[in-house]
Amino acid sequence: MGRRVLITGLGTFWGGRLAQALEKDPEVDIIIGLDTQEPRVELERTEYVKADQSYSILSRIVQATQVDTILHTFLIVDSTRMSGRALHEINVIGTLNLLAAAGAAGSPVRQVAVKSSTLVYGSSWEDPVWFREEMTRTHSAKTRVERSLLEAESYLHDFAEDNPHVVVTLLRFSNVLGTDIITPTSKALQLPVVPSILGFDPLVQFVEEDDVIRCLEFVMREQVPGIYNVAGDGRLPWSEVASICGKRMWPLPPVFTGLAAGTLNRLGIELPPETLDLMRYGRGVDNRRLKRAGFQYRYTSAGAVESFARASRLRKAVGDSRPAYRYEREVENFFRRSPAVVKNE
Amino acid sequence: MATGERITAEARGALVHLPRQPEAEPLHDPRQSDVDEWGRSEHIRELARRLYDPLYRQLFRVEWEGLEKIPTEGGALLVANHAGAIPSDAPVIMHGVEEELHRPVYGLADHIFKAMPVVGTMWARAGGVAAHPENAYRLLREQQQLVLVFPEGTKGPGKLYSERYQLRRFGRGGFVEIAMRAGVPVIPIAVMGAEESMPIVYKNATLAKLFGLPYVPLTANMLLLGPLGLVAYFPSKFKLRVLDPVHFNVPPDQERYSRSRIMDEAEAIRVNLQDNLYDMLRQRRSVWFG
């Protein structure tokens, strides 16, 4: 019998991508995608369920569909996308409800994998060059997104302790770059001049978006429990990142940087505090535990930057080549359920 | 995360069953600069050495004794006394060892550098690393590098001229613990000359607090040379004596080492350095000519 998988955040970049990848896996029988918004990518056999962001119907879904695996990709790490309150609702309350449903009596769930972020380590002058999974941040979290991720992780720790029969995987992804993903960092790198902080040239680390999806598939397939950093090999200076992208840098003042960023914000250039910290101190995480578990990366940190730079150059030349997709319930239902549709199996 | 370790502990057992995958080919890594994971660039280090060489040879006229005690391969923790308002001993030791032994030295220093614009970046490119135990362990154990540390910390360079060559407390013995954990010897180096190259005559605690710095000094250099004295050293004669390496003969990678053993070893190294400094001072006829 194949796996029955529930993905949270189907309408987001990661949820959609992951569902597409899992559809190709013959070991996966059923894919159910949960979100408040409709999927933005074309899906063949994933079932979309509209839910509110706190997943109040989740325990019913888990019971009804007998899913054995939950892939929780719906943790917001980009604080520019919504207000702090909305972010708290999704990251903390959402995870809380999800884990409550997964841990209910008689629950069929046997694996929970959560996509967190290396934001939980923060970024400060007192940091080690490499963070290992068991290390904690050196300064307490100031930003809402970091606090909410830490809270979500602590719920997961409790869940793992209370449910020893469930394989619990916590993945902390480094800053992602790649062909399609849009983050505050990728937006900064697409500006005519790349913002930096005067006198600072921190070492940064990236993971390529394909490696993110492959990693989620990997931990699901191999049922690897534990906490893992997911990041490409090596760290490189921010100036080198700009240079791989073929950009010059525009330094912000090292004092009153927040004020300068506030001005940029009015111009539509969003640099959240966690990005400013990164541009000042950088961050490095040790990725060797995941490698020891058997995962093989396809990109290094610099490789991820290059992959992003190439995609940006293509977009600049021909525009977005991807056809726009709109989810239409009736059409999807027709293709999935109508006896008139001939399925080649 | 305190509770996180429990997830991990379970993970260790489960990982055994995973299929071993064949070694992958090295990944394409389109790097453009030679800045390593520590922020060090051999190009900038080379440039720094070229600029520093006149100071090393003509100004300080550095003389080494027992340089052969520093190994040409394998990790070792170099430990020295620290002095001068802007310590001149760190670049002298790094320059000397790199020129003579042709192997890099990573200099550990206070995190505060990393928070300073320009200074922090240049310091990292020229071989400085924040003194985090994790950084030291990696450099020594995994990469078998030479690492330089001043156990006195900022208390060494922050002392007045009247207290010269009086070693401060050696921190909490962290350097011994790291060397034990990394399985490398500690090699003490007694430095004579740095104290007189930029002596502090007065310190202002209020200003230090205001700027968030460990100390704000008034140096003899400033009194004599004006603003130039902020960066210009006096031409004191440098003599460095490398003492016998200290091996601890304990298994590496232990979670804990005996606290009393650590403190005893640290104190023994401190006393040995202090004795050697007195010995060197007894033989010195002139601050400027040695």
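How many of the 290 residues of chain B count as buried? The share is 38%, where a residue is called buried if 20 or more other C-beta atoms, placed from the backbone, lie within 10 Å of its own, exposed if 12 or fewer do, and partly exposed in between.

Before going further, note that this is a predicted model, in which local features need pLDDT of at least 70 and side-chain atom pairs count only at pLDDT 80 or more, while totals for chains, interfaces and linings use all residues. Residues are numbered from 1 along each chain as its sequence is written, and chains are lettered from A and ligands numbered from 1 in the order in which they are written.

Select chain B as a whole, and colour it by secondary structure to find 10 helices and 9 strands; these are DSSP runs numbered from the N terminus, with helices being H or I of at least four residues and strands being E of at least two. Turn the chain about, and its C-alpha trace spans about 70 × 45 × 45 Å along the principal axes.

Next, select the strands of the open sheet, where 7 of them follow the order β1-β9-β6-β2-β5-β3-β4 with mixed pairing; two strands pair if DSSP finds at least two bridges between them. At the edges stand β1 (63–65) and β4 (128–130) of chain B, each with a single partner strand, so one side of each has no neighbour in the sheet.

Now keep β3 (residues 105–109) and β5 (residues 146–149) of chain B, which pair in the parallel sense over 3 bridges. Within this pair, Tyr106(B) stands opposite Val147(B) of β5(B).

Then move to the loop between α8 (205–211) and β8 (217–219) of chain B, and pick out Leu213(B). This residue is partly exposed, because 14 other C-beta atoms lie within 10 Å. Add Ala90(B) to the selection, and the C-alpha to C-alpha distance from Leu213(B) is 19 Å, although the two are 123 residues apart in sequence.

Finally, show chain A as well, and select the 36 residues of chain B that are in contact with 43 residues of chain A, contact meaning that the C-beta atoms of two residues, placed from the backbone, lie within 7 Å. On this side of chain B, α1 (4–15) and α5 (133–142) each supply at least two residues, and α1(B) gives the most, with 9 residues.
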